Amino acid sequence: MRSKIDEYTAVENAAKNFVKSVKEGNSKYAKELFTDEAVLFGYLDGKLEHGSIEQFYNNVDTVSGGENFNARIDVLLLEETLAVVRVLEEGWGDRIDFTDILLLLKMDGQWKCVAKAYNQNSNTISKD
C-alpha cells in the first residue's frame, strides 16, 4: 500500500537534518537522524570508508559544505517502516559531488537512518 504524502514529507524532513549538517559543517543535526549503530560505506578520494557513522560525523565537523554547496533530497522508496532516500550533493568543501543513499527505518514513530552508502563523482576525486 502506498504511503500518504504526509509520510513522504516526514521522511524528507528527517533527511533535511543530514543536509543541514553537511551544509553547516556541524554533525549535531545528523546525530538526530542516525542511530548510534548506523553504518557508513563509500569511497572518499579513492579510499574506502566503512564502519561506524562516527567517520561521517568527523568528516562533516572537519569540512563545511562551502559557499557553493547545493543538495537535493529524493524519497525513492517508502513502505510502512522502511524508506530509501537519495541525496545529491554538489560542491561539498567547494570540491566534491556525492550521491548518498540513506536507509531509514521508522522507530517509535520517528524516521531514523541506519545506514549511509555513497558514491563520490569520479571527476571530483583528488589525485594527490
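1. A good place to start is a pair of charged side chains: Asp100 and Lys116 meet in a salt bridge, with 2.5 Å from N to O. The two partners come from distant parts of the chain, Asp100 sitting in strand 5 and Lys116 in strand 6, 16 residues apart. Please keep in mind as you read that this is a predicted model.

2. Are the two partners of this bridge buried or exposed? Asp100 has a relative accessible area of 1%, so it counts as buried, the limit being under 20%. Lys116 is buried as well, with a relative accessible area of 5%. As general background, side chains of opposite charge can pair when their charged atoms come close.

3. It is worth staying with Lys116 for a moment. Which residues does Lys116 touch, leaving out those up to four places away in sequence? The list holds its salt-bridge partner Asp100, and also Phe18, Phe34, Val39, Leu40, Phe41, Ile53, Phe56, Ile101 and Leu102. If you have the structure open, selecting Lys116 in strand 6 will bring up this set of neighbours.

4. Several of those names return in the nonpolar interior. The largest nonpolar core has 30 residues, and those with the most contacts inside it are Phe18, Leu33, Phe34, Phe56, Val85, Leu102 and Leu104. The elements giving two or more residues to this core are helix 1 (5–24), helix 2 (30–33), strand 1 (34–44), helix 3 (54–62), strand 3 (70–78), strand 4 (82–92), strand 5 and strand 6 (110–120). Which element gives the most? Helix 1 does, with six residues.

5. Phe34 is a helpful residue for seeing how the core and the charged pair meet. Not counting residues up to four places away in sequence, Phe34 touches Phe18, Ile53, Phe56, Tyr57, Leu102, Cys113 and Lys116. Phe18, Phe56 and Leu102 are, like Phe34, among the core residues with the most contacts, while Lys116 is the partner of Asp100 in the salt bridge described at the start.

6. Another residue to look at in strand 5 (residues 96–107) is Phe98. Its relative accessible area is 8%, so Phe98 is buried. Where does the chain come back to Phe98? Gln120 is 22 residues away in sequence, yet the two C-alpha atoms are 4.5 Å apart in space. Setting aside its neighbours within four places in sequence, Phe98 is in contact with Leu44, Val87, Leu88, Glu89, Trp92, Tyr118, Asn119 and Gln120.

7. Now back to the charged pairs. How many salt bridges does the structure hold? There are five. One of them joins Glu7 and Lys106, whose closest N and O atoms are 2.8 Å apart. Glu7 lies in helix 1 and Lys106 in strand 5, so this pair ties together parts that are 99 residues apart in sequence. Lys106 is partly exposed, with a relative accessible area of 29%, whereas Asp100 of the opening pair is buried.

8. Arg72 and Asp74 form a salt bridge too, with their closest N and O atoms 2.8 Å apart. The two partners are placed quite unlike each other: Arg72 is exposed, with a relative accessible area of 51%, and Asp74 is buried, with a relative accessible area of 10%. This pair is also part of something wider, as Arg72, Asp74 and Arg86 are linked in a network of salt bridges.

9. On the outside, do have a look at Leu76, Leu77 and Ile101, which make a nonpolar surface patch of about 230 Å². Leu76 is found in strand 3. With a relative accessible area of 47%, Leu76 counts as partly exposed. Ile101, another member of the patch, is also one of the residues that Lys116 touches.

10. Two backbone details deserve a friendly flag. Asp45 has a positive phi of about 50° although it is not a glycine, and phi of Asp108 is near 50°, again a positive value in a residue other than glycine. Asp45 lies in the loop between strand 1 and strand 2 (47–52), and Asp108 in the loop between strand 5 and strand 6. Are these two residues buried, partly exposed or exposed? Asp45, at 23% relative accessibility, counts as partly exposed, and Asp108, at 84%, counts as exposed.

Terms used
Residues are numbered from 1 along each chain as its sequence is written. This is a predicted model: local features need pLDDT of at least 70, side-chain atom pairs count only at pLDDT 80 or more; totals for chains, interfaces and linings use all residues. Side-chain values use heavy atoms; hydrogens and water are left out. Helices (H or I, at least four residues) and strands (E, at least two) are DSSP runs, numbered from the N terminus. Buried means under 20% relative accessible area, exposed over 50%, partly exposed in between (1.4 Å probe, protein chains only). Contact means heavy atoms within 4.5 Å. A nonpolar core is a set of buried Ala, Val, Leu, Ile, Met, Phe, Trp, Tyr and Cys residues joined through side-chain atoms within 4.5 Å. Patches are made of residues with over 30% relative accessible area and no salt bridge: like charges are joined within 9 Å, nonpolar side chains (Val, Leu, Ile, Met, Phe, Trp, Tyr) within 5 Å. Accessible areas come from the Shrake-Rupley method with a 1.4 Å probe; for residues, only the protein chains shown count as cover. A salt bridge is a side-chain nitrogen of Lys or Arg within 4 Å of a carboxyl oxygen of Asp or Glu.
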